[in-house]
Amino acid sequence: MGTSLGVAAAAEGVHACVAALDALNVLEREDAFLAAGVGIGPDFDVLQRRYEIRLERLEVIARMEARLSAMKARDAGEAMEIQQALMPPDASVTDRTYAEMSVVEEIAGVLTISSAAAAAFVDQSRKVCSLPLVFEALSTGVVSWQHAKVIAGETDGLDPAGAAALVAHFFDPDTPNPARGAAPGELVPSRFRAKVRGWRERHHPESIEKRHVKGVADRRMEYAPDRDGMAWVSLYLPGDTACAIWNRSTAIARGLQGPDEPRTLTQLRPDIAASQLLGAGHTLRGTVNAVDTTDNAPTSAVVTEIGKVPTPRADVLVMVPVLSLLGATDEPAVLDGLGPIPASMARKLVADGADSFYRVLVDPRDGAPLEIGRKSYRLPETIKRWIRMRDAKCTFPGCTNGTPDNETDHLQAWEHCGTTGTTNLAQLCPKHHRLKHHSRWTPDPATDNDPPGWTSPTGRHYKSEHPDTEPPHWPPGILPIEAVARATEDLEWEPLLADMPNWPDRPPEEPPSENLLDSSGLCPTDPLWDDFYAQPFNLPPDPWKDWERLKS
C-alpha cells in the first residue's frame, strides 16, 4: 500500500512523544521541588508553570494518538489485503466475501467494538492509506484520525483525479490556489468537514444537484421516545426551509426573553415550535417582541393551507455566483448557517422573492462579494450582514455557533480607540463574547474579507478560518477577465491609446472643504450620527442589469 515509510515515521514519532512526555514529567518533579521553597525566585509562578506543563502534555499526547491511529489504519487495511492474498486464485466471490467478513469480525474482537464499527473502520482505513498526503499528515501527527475520516468520507464517490485534487487543495501547499487560513489540523473536525464539503460541492456541482433531488424525495418527520417521559421529533427538510424555521424560532424566542421570562433560549425554541404546530389551542404564553428584520413588522403566526410550505420569513443571507444566478453555470451557492446549496435552490429563492433572503452576488472575476441585498438602506444593518457573510459563524477558535445567534462585537473597544468598521468587527456567540471581556483571550485585527485569529492567555495563536474563496466557474465560450488580460498583455497599447479622446480626470469623491469631519473623532452619542444614519446607503450597480449587454 506504499505506507511502510509513513508507518516508520509514525513509530519514530511515537518514541519522540514518549521522550517528550518523560521530559515534561521531569520538569514537573523539579517544580514540585521548587514548590517546597528551595531555589524559588520572586517571579516564578509554580501553579502557572504546572498549568502550562499540562497543556504541553496534552499537545504531545494528541500527536502521539494521531501517529498510533496511522499505525492502526495501516494494520487494519493490510490485514484485509493479506487475507485476500491467502485465498486461492480460483476462490469464488462468495468465499472472498465471507473471508472479508471474517477479518472484520476478528478486528471487532481485537478492538472490542461492534461489527458495524469494525467494518466502517476497515473501510476508512483503506481509504486513508490510499491517499498518501493524508496518511503522511496523520502519521506525523499533523492531523487527527477524525480529520482523516473527514477526507475519507468526502472523497467517497469521486474519481481518482477528483479525490487527488481535493486532497492536494488542503494538504499540498504547492498546488495552485491552496486552502487559506488555518491548516486542516488546526480546525476542529466539524469545521474542517464544512470547509472540505464546500470545496467539493463547488468543484463537483453535478453531485450536489443529484443528491438534492434524492434528498427532497426522502424528506420526512421522525418520532423517537426517550427516557424520563421525553421524546424527540425530527424534521428532514430542504436546507432553506429548515434554516428559515430555525432562524424564525430564534427570533421569536429572543423577543420573548425578558425579566419576567425564566426560560432560556434553548427551552423557548421547542416551546415555540410546539405552539406553532399544535395551533391556537396550545398558544405560547407571553408577548412576542421580535421584529421581522425584512420590513420591521411584528412577527405573527402565518395561517396557510395544510401541506403548503410558506415562503420563509427569517433573515438569511444567500451568496450566489452571478453567472450561476443567471443560469449560465450550475455552481452551488452558499446559504448562511447551512453551507453549499444547489444552484437551482438559490435561483428559486431569488425568483420567488423570499422576503428575508438577502442575496449576495459574487464577483465573477475573483469570488469577492459584490453587493448585499436590496432591502437594506441603513448602514449599521448593512455592516452587520457583511460581517455575517464574512465570518459565517462565531470567530472564536473551534466554535461552530451559527450566525443568527451571534453578536457583532468590537474587537478593540470603542473607548480604547476602536473604530466601527469591518476590520474592527467580528461575530461572537454570547458565551465567547462574555469570555473575551472577562479573560485574556485576544483577537487579531480582521480584514474586509477575512475574520480575525485569536491568541490564548498562554500565548498560543489560532489562525482564523478563512472563507476559502476562489473565482467562480465560467460558462463555455466566455473567458474570465484574467484570461483576457493574459492574452492581450503583449499588445502594443500606445498607438491604440493615442487615438482615444482626452477624457477629464475623475472628480474626487468629496470636494475639498473645511466643513468635512473625521468620523473617527466623533463620540458614539454625537447627534451628527443620527443625521448620518438617516441618509440612504448607495449600493454598487447591480450586474444583473448589464447581463444582456455583456452577452451581446
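Reader: How much area does the protein chain expose, and what share do carbon and sulfur atoms supply?
Author: This is a predicted model, where local features need pLDDT of at least 70, side-chain atom pairs count only at pLDDT 80 or more, and totals for chains, interfaces and linings use all residues. Residues are numbered from 1 along each chain as its sequence is written, and side-chain values use heavy atoms, without hydrogens and water. Accessible areas come from the Shrake-Rupley method with a 1.4 Å probe; for residues, only the protein chains shown count as cover. The protein chain exposes about 32,900 Å², and the share from carbon and sulfur atoms is 57%.

Reader: What percentage of the 552 residues is buried?
Author: Buried means under 20% relative accessible area, exposed over 50%, and partly exposed in between (1.4 Å probe, protein chains only). Of the 552 residues in the protein chain, the buried ones make up 36%.

Reader: Which residues of helix α5 are buried?
Author: Helices (H or I, at least four residues) and strands (E, at least two) are DSSP runs, numbered from the N terminus. Helix α5 covers residues 132–139. Its buried residues are Val134, Phe135, Ala137, Leu138 and Ser139.

Reader: Which residue just after α5 takes a positive phi?
Author: The phi is about 80°. The residue is Gly141.

Reader: How many helices and strands are there in the protein chain?
Author: Both kinds of element are counted along the protein chain. The totals are 19 helices and 14 strands.

Reader: Is Tyr223 buried or exposed?
Author: Tyr223 lies in strand β1. Its relative accessible area is 60%, so Tyr223 is exposed.
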